[in-house]
Amino acid sequence: MDKRKLPKSKELREKIARRTKEAMKNNSIRKKMSESAKKRVGDKNSFYGKNHSEETKKIMSDKKKELFLDKNNHPMYGRNHSIESIEKMKIQNGEDHPSWSGGSNSYWHYKAYDLFGKKECEVCGISNKDCIEKYNKRLSMHNTLEPKDYTIMESDVWQCLCSKCHQKLEIGGI
Ligand SMILES: [Zn+2]
């Protein structure tokens with residue numbers, strides 16, 4: 001690129017931009033411009049037949065890469081059942097998710113399941129797979145404290161149970 005030409009063409013571009021801005025203030029000119037722009041389709045459009053150059057593509061790609069360097073900006077970030085996404089769901093659904101067995105404090109139950117979830121019910125020994133087949137629900141976490149304190153993340157506070165044993169324990173008040 002010829003460096004001596006650059007300021008001149010920049011000046012010219014600004015001049016055109018200024019003129020266009022002035023012209024846009026005038027309603028009849030604006031209408032005329034709009035009418036002629038409508039006719040500027042297909043090969044009359046200045047972008048017709050042109051593609052983004054390799055250079056432009058690279059700039060766009062680099063911009064995205066730069067943006068996603070911060071993983072929080074990446075659209076796929078946190079899209080597993082991580083604590084982060086559960087927290088988001090909690091905000092969206094409110095504290096009590098109606099489909100959650102036990103009906104309350106789903107976040108803490110989820111967190112406890114993440115930390116202390118087992119493959120079998122700790123009381124009757126049914127597997128998670130069988131539990132889903134039989135009760136249509138996976139094994140769930142039972143908080144053994146009375147009164148309940150769901151915020152304590154200690155292994156002896158939580159039991160991993162099938163729906164049936166969970167129900168029995170809750171009714172029995174153990
Ligand atoms: Zn059980």
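Author: Let's start with a term: a nonpolar core is a set of buried Ala, Val, Leu, Ile, Met, Phe, Trp, Tyr and Cys residues joined through C-beta atoms within 7 Å. Buried means 20 or more other C-beta atoms within 10 Å of a residue's own, exposed means 12 or fewer, and partly exposed is in between, with C-beta atoms placed from the backbone. You're looking at a predicted model, so local features need pLDDT of at least 70 and side-chain atom pairs count only at pLDDT 80 or more, while totals for chains, interfaces and linings use all residues. Residues are numbered from 1 along each chain as its sequence is written.

Reader: Okay, how many helices and strands are there in the protein?
Author: Helices (H or I, at least four residues) and strands (E, at least two) are DSSP runs, numbered from the N terminus. Along the sequence they come in the pattern α-α-α-α-α-α-β-β-α. The tally is seven helices and two strands.

Reader: How many residues does the largest nonpolar core have, and which are they?
Author: Helix α5 (106-116) and strand β2 (158-161) each put in at least two residues, and β2 gives the most, with three. The core has eleven residues: W108, A112, C121, C131, L139, M141, W158, C160, L161, C162 and C165.

Reader: What does C162 touch?
Author: C162 is one of the residues in that core. Touching here means a contact, with C-beta atoms, placed from the backbone, within 7 Å. Leaving out residues up to four places away in sequence, the partners of C162 are C121, C124, I126, C131, Y135 and L139.

Reader: Which residue in β2 is the bridge partner of M141?
Author: Two strands pair if DSSP finds at least two bridges between them. Strand β1 (residues 140-143) pairs with β2 in the antiparallel sense, over four bridges. For M141, the partner in β2 is C160.

Reader: Which buried residues cover each side of β2?
Author: In a regular strand the side chains alternate between the two faces of the sheet. Both faces of β2 are covered. W158 and C160 are buried on one side, and on the other are Q159 and L161.

Reader: Why is Q159 buried?
Author: Q159 sits in strand β2 and touches E122, H142 and T144, not counting residues up to four places away in sequence. Q159 is buried because the number of other C-beta atoms within 10 Å is 22.

Reader: And R30, is that buried or exposed?
Author: R30 is in helix α2 (residues 27-39), which is hardly covered, with zero buried residues among its 13. R30 has 12 C-beta neighbours inside 10 Å, so R30 counts as exposed.

Reader: How far does α2 reach from its first C-alpha to its last?
Author: The expected span of a helix is 1.5 Å times one less than its number of residues. For the 13 residues of α2 that comes to 18 Å. The model is close to that, with a reach of 19 Å.

Reader: Which residues does a cis peptide bond join?
Author: Most residues other than glycine have a negative phi, and most peptide bonds are trans. The cis bond has an omega of about -5°, and P147 lies in the loop between β1 and β2. The joined pair is E146 and P147.

Reader: Which residue has a positive phi although it is not a glycine?
Author: Look in the loop between α6 (128-135) and β1. The residue there is exposed, because it has 8 C-beta neighbours inside 10 Å. Its phi is about 65°, and its name is N136.

Notes:
Contact = placed C-beta atoms within 7 Å.
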